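User: Could you take a close look at one helix for me, and tell me how it sits among its surroundings?

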Amino acid sequence: MNKNIFIGGAWPYANNSLHVGHLAALLPGDVIARYYREHGDNVIYVSGTDSHGTPITVRAKKEGISPEKIAQHYHEEFVKNFKDLDFSFDLYTSTMTQYHEQNVKKYLKKIMDNGFIYKKAEMQDYCPECKTFLSDREIIGVCPHCGGVAKGDQCDDCSATLNASEVLNKRCSICHSPTIQKSNTHLYFALSKFQNKVKELNEQRQGQWRINATSETNKFLDMGLIDRAVTRQLSWGVDVPFEGFEDKKIYVWIEAVLGYLTAGQQVAESRNINFEEFMKKGNVISYYAHGKDNIPFHTVIFPALLMSIDENINLPDYIISCEYVNMNNEKMSKSKGNLISINHLIALFPKDSIRYYMLANGPETKDINFSIDDFVQIHNKFMVGVLGNFVNRNLSYINKKFDGKIPNGKVDENIKNLTTETFDKVGSLIEQGKLRQALDTAMAYVSAGNKYYDDQKPWIQVVEDINGFNNTTYTCVYMMANIANLFGPFIPDTCLKIKEKLNLDKTFTWQPVEIGKNLTVANNNLLFERLQAQQVSEKYQELKKN
RNA sequence: CGCGGGGUGGAGCAGCACGGCAGCUCGCAGGGCUCAUAACCCUGAGGUCAUUGGUUCAAAUCCAAUCCCCGCAACCA
């Protein structure tokens with residue numbers, strides 16, 4: 001029976017280049033998607049660029065260009081990054097598309113019809129000169145604590161977190177005229193009504209949501225869920241589909257997260273399947289991959305929105321929420337200059353080394369420290385020494401002594417059993433979202449191959465026991481064929497190369513495969529080159545300058 | 001007493017929800033092998049598992065307190 005699998009990767013915000021942290025968060029989604037496809041299941045795997053919101057408009061104003069241009073620029077960069085790293089999205093879209101905007105409006109109307117959105121008038125800061133309501137960040141004034149210059153949300157001088165209402169002598173940051181208080185009507189989402197249902201969900205998903213997701217959700221529940229504004233005084237975003245809100249846009253938190261549905265639906269339409277049916281409770285297993293800063297949006301807000309749209313729709317089954325990638329024990333940030341972008345990574349390492357490193361050493365349960373040296377070490381040890389070497393030491397011998405003709409033989413029974421075992425174990429770990437352990441287990445299979453080779457001593461067998469030699473070699477090639485499937489979800493490019501070397505079927509299958517007789521080696525190009533830490537480090541310093 | 005995460009051999013980490021000889025990679029010392037990209041295989045040295053106290057036949061693992069590091073405090077996507 002084929003299963004329906006829905007996988008959502010968090011939508012990166014189009015205000016900066018992607019960095020290693022994004023990669024750590026999103027890569028697990030791709031592995032899970034590839035795994036289920038190998039398995040023969042129906043997978044919908046989506047993500048996209050989050051293109052709206054205040055920071056982009058602020059930046060656009062500063063740089064004197066349109067927000068759309070900024071969003072478009074980063075969107076194109078993201079698309080390229082994901083392509084370079086072999087992400088297998090069924091659809092990677094953007095919140096700027098017409099399809100997304102139209103469908104978000106449709107969902108919003110539905111939530112309204114179901115009675116979970118209401119109007120509320122509030123006093124808000126207004127600039128009579130610019131004739132517009134101001135968001136907190138667009139207000140400047142005097143800090144009540146230190147008397148310094150403060151924005152509406154934070155003091156620049158003493159960096160205290162502020163509430164717009166406590167700031168003194170408030171003025172508009174654009175024209176500097178004093179603000180006045182004026183009543184403004186916003187729409188609110190009745191998040192508080194979902195307190196019990198979210199709590200129930202959190203309890204049901206114990207063991208499927210990562211620990212950090214469960215505890216973060218508890219934190220929010222303990223504080224009590226409060227209603228959130230749906231509309232925002234902005235010019236850049238999705239229009240509000242109700243009368244009287246023409247000057248406002250839909251707040252990004254609600255609009256971006258609904259992208260999972262709009263993108264999923266778009267994929268379903270292209271396949272002529274009914275998305276509503278696909279996503280129904282009991283019909284699908286869903287995974288969401290993102291960083292820990294995104295947890296409440298995926299475990300509280302998104303489920304509440306789903307319930308407010310349709311009570312039969314599947315709620316997140318697995319929350320794959322990662323911790324942070326730090327540099328020297330500090331959070332990466334642009335201002336600290338310790339941010340390593342995906343563009344840099346791609347320039348420094350082969351894509352599958354990047355995938356391997358981020359998965360095998362990813363911040364699955366706690367923050368990790370990223371370092372170039374560490375990366376080089378892992379690459380040399382596992383990509384070159386274990387995996388590359390196992391393939392190379394066999395095939396180069398066959399090329400040298402047998403003109404590329406792989407001897408026929410019998411596969412070792414122990415290895416056969418190990419193969420079956422490994423597929424089962426790795427598969428189950430991937431399904432649980434435990435990618436580190438899964439990859440460890442898969443790599444142990446290759447190590448077992450190296451050990452088997454050493455124990456058999458084929459370089460001696462070849463003169464003393466040709467039958468034994470044939471069996472050893474044949475068994476190793478059998479292992480390679482299975483490695484090419486076993487690692488398919490993790491490092492697909494390398495797996496394809498292995499398949500090409502041995503003229504194997506290019507389709508990926510999640511089960512032990514037998515190999516045919518009279519195989520030949522098509523090529524024995526090295527899978528990975530050894531790297532020098534110093535050279536990589538120097539190259540990285542160069543890149544940082546540009 | 002705002003909240004959360006973490007402190008395990010020289011470095012980076014796993015183990016901790018279901019207590020039972022402290023494990024992995026790198027590095028270091030020694031050996032094997034020569035098919036392989038100084039790659040591969042084996043052995044060894046090195047830790048009172050932050051500190052203190054408690055529960056227990058038994059604690060890195062459970063409980064309490066203390067110290068140190070990091071992150072977050074919701075109109076920041």
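**A close look at helix H3**

Analyst: Happy to. Helix H3 covers residues 67-84, and at 1.5 Å a residue its 18 residues should span 26 Å; the C-alpha atoms at its ends are 26 Å apart, so the two values agree. Please keep in mind that this is a predicted model.

Now for the sides of the helix. The buried residues in H3 are Pro67, Ile70, Ala71, Tyr74, His75, Glu77, Phe78, Asn81 and Phe82. A general point helps in reading that list: an α-helix has 3.6 residues a turn, so residues three or four places apart point the same way. Ile70, Tyr74, Phe78 and Phe82 are among the buried residues, and so are Ala71 and His75.

What do the buried residues of H3 pack against? Their partners include three helices: H1 (20-39), H2 (54-63) and H11 (342-348). Strands E2 (42-49) and E3 (91-94) are also packed against by these buried residues.

The chain just beyond the helix deserves a glance too: Asp86, just after H3, takes a positive phi of about 60°.

For the wider setting, the largest nonpolar core has 160 residues, and Phe6, Phe189, Phe349, Phe370, Ile430, Phe487 and Phe490 touch the most other members. Helix H13 (residues 372-402) gives the most to this core, with 13 residues. Domain 1 (4-115 + 195-201 + 252-322) and domain 2 (350-501) both contribute residues, so the core lies between them.

Notes: Residues numbered from 1 in each chain as written. Chains lettered and ligands numbered in written order. Predicted model: local features only at pLDDT ≥ 70, side-chain atom pairs only at ≥ 80, totals over all residues. Heavy atoms only, no water. Helix = DSSP H or I, 4+ residues; strand = E, 2+ residues; numbered from the N terminus. Expected span 1.5 Å × (residues − 1). Buried < 20%, exposed > 50% of the residue type's maximum accessible area, 1.4 Å probe, protein only. Contact = heavy atoms within 4.5 Å. Core = buried A, V, L, I, M, F, W, Y, C linked by side-chain atoms within 4.5 Å. Domains from an automatic or database assignment.
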